[in-house]
Amino acid sequence: MRLRSLLVLAACAALVLVPGAATAPVQAVHLDGVVGPGFTITLADANGRLVTQLDPGTYEITVRDLSDEHNFRLFGPGVEEFTQVETTGTVTWTVTFREGRYTVQCDPHSTQMFQKFTVGNPPPATTPKPPPAAPTPKLLATVGPKNTISLRSAGGAALRRGVKAGTYSIVVRDRSKLHNFHLVGKGVNRKSTVAGTGTTTWKLKLSKGLLRFYSDKAPKTVKGSVTVT
Ligand SMILES: [Cu+2]
């Protein structure tokens with residue numbers, strides 16, 4: 001027992017005393033990349049585990065490109081390495097990863113053949129939010145109560161300068177049992193019923209041109225128009 005301890009101690013002392021041992025470069029961690037022969041691409045560590053997170057540092061990566069219709073690309077902060085699509089073969093890259101996000105992908109099939117991993121602890125990836133969809137502008141269509149008809153802005157203003165082409169929610173208020181609201185324009189032909197009253201909303205696409213509206217009971221007198229620009 002004592003002898004063995006002494007031997008271990010001696011061995012340790014010998015290691016420490018090896019000239020240059022303290023300054024020898026740190027061995028690069030080895031990783032394995034494979035693409036093909038089918039639609040698969042992987043980057044794994046020495047134990048065969050898919051790489052999801054690594055420490056910053058230098059890595060030696062052996063890539064086997066097994067397909068002439070796929071390639072292996074590795075990119076991220078400070079790193080851009082790739083094999084050719086048309087060729088197969090094995091290549092070894094020495095790369096230095098720093099904190100950030102890295103991607104392995106096949107370029108022709110980058111949406112289905114990829115693997116992402118982080119190095120260090122980068123801040124969470126932020127996906128820019130799409131701008132909120134603009135609300136559909138409203139127009140107010142009114143017929144009645146007497147022999148009146150109008151198409152106005154949502155706020156009730158007259159549309160003297162017309163309206164811009166686009167999709168609108170048109171709130172139709174039919175307040176007369178004698179008239180209806182009939183809207184006619186390029187690609188538009190909608191009407192409420194003459195006898196009925198009430199409020200409905202039409203979602204319509206208004207194209208450039210003249211937009212006419214009238215009561216089918218009195219189209220010559222109960223009428224109006226707005227220009228779509
Ligand atoms: Cu591919």
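1. A good place to begin is G36, which has a relative accessible area of 6% and is therefore buried, given that buried means under 20% relative accessible area. This glycine sits in the loop between strand 1 (29-35) and strand 2 (41-45). Leaving aside residues up to four places away in sequence, G36 touches L66, S67 and H70. Its C-alpha atom is separated by 9.4 Å from that of C106, although G36 and C106 are 70 residues apart along the chain. Please keep in mind throughout that the model is predicted.

2. Two of the residues just named, H70 and C106, lead to the metal site. The protein donors of the copper ion are ND1 of H70, SG of C106 and ND1 of H109, and these atoms lie 1.9 to 2.1 Å from the ion. Along the chain the donors follow the spacing H-x35-C-x2-H. H70 belongs to the loop between strand 4 (57-65) and strand 5 (73-76), while C106 belongs to the loop between strand 8 (100-105) and strand 9 (114-119), so that the pair ties together parts that are 36 residues apart in sequence. H70 counts as buried because its relative accessibility is 0%, and C106 is likewise buried, with a relative accessible area of 0%.

3. On confidence, the mean pLDDT of the protein chain is 89, and 89% of its residues reach 70 or more. Residues 6-22 need separate treatment, since over this stretch the pLDDT is below 50, and beyond near neighbours in sequence the stretch has 1 contact in the model. I would ask the reader to look at this stretch with that value in mind.

4. For the chain as a whole, the model contains 1 helix and 17 strands. Of the 229 residues of the protein chain, 35% count as buried. When contacts with a separation of 6 or more are considered, 57% of them are accounted for by residues 24 or more positions apart.

5. One of the sheets is an open one of 4 strands in the order 11-10-12-15, and its pairing is mixed. Strand 11 (149-153) and strand 15 (198-206) stand at the edges with a single partner strand each, which means that one side of each is left without a neighbour in the sheet. On average, and with direction ignored, neighbouring strands of this sheet are turned by 20° against each other. Within the sheet, strand 10 (residues 138-143) and strand 12 (residues 166-174) pair in the parallel sense over 6 bridges, and T142 stands opposite R173 in strand 12.

6. Another open sheet of 4 strands has the order 14-13-16-17, with antiparallel pairing. Here strand 14 (188-191) and strand 17 are the edge strands, and because each has a single partner strand, one side of each is left without a neighbour in the sheet. Neighbouring strands of this sheet are turned by 15° against each other on average, direction ignored. Strand 13 (residues 182-185) and strand 16 run antiparallel and are joined by 3 bridges, with F213 in strand 16 as the bridge partner of L183. Strand 16 and strand 17 also run antiparallel, joined by 6 bridges; G209 stands opposite V228 in strand 17, and Y214 stands opposite K223 in strand 17.

7. Finally, the nonpolar interior deserves attention. The largest nonpolar core has 22 residues, and those with the most contacts inside it are L139, L151, V163, I170, F181, L183 and L206. At least two residues of this core are supplied by each of strand 10, strand 11, strand 12, strand 15, strand 16 (209-214) and strand 17 (223-228), a list that brings together strands of the two sheets described above. L183 can serve as an example: not counting residues up to four places away in sequence, this leucine touches L151, I170, V188, N189, R190, W202, L204, L211, R212 and F213. A second, separate core of 21 residues includes V35, F72, L74 and V79.

Conventions:
Residues are numbered from 1 along each chain as its sequence is written. This is a predicted model: local features need pLDDT of at least 70, side-chain atom pairs count only at pLDDT 80 or more; totals for chains, interfaces and linings use all residues. Side-chain values use heavy atoms; hydrogens and water are left out. Two strands pair if DSSP finds at least two bridges between them. Axes are lines fitted to C-alpha atoms, for helices over the stretch in contact, and angles run from 0 to 180 degrees between N-to-C directions. Donors are N, O and S atoms within 2.8 Å of the metal (3.2 Å for Na, K and Ca); water is not among the atoms, so sites may look incomplete. Buried means under 20% relative accessible area, exposed over 50%, partly exposed in between (1.4 Å probe, protein chains only). pLDDT is the predictor's confidence in each residue, from 0 to 100. Contact means heavy atoms within 4.5 Å. A nonpolar core is a set of buried Ala, Val, Leu, Ile, Met, Phe, Trp, Tyr and Cys residues joined through side-chain atoms within 4.5 Å.
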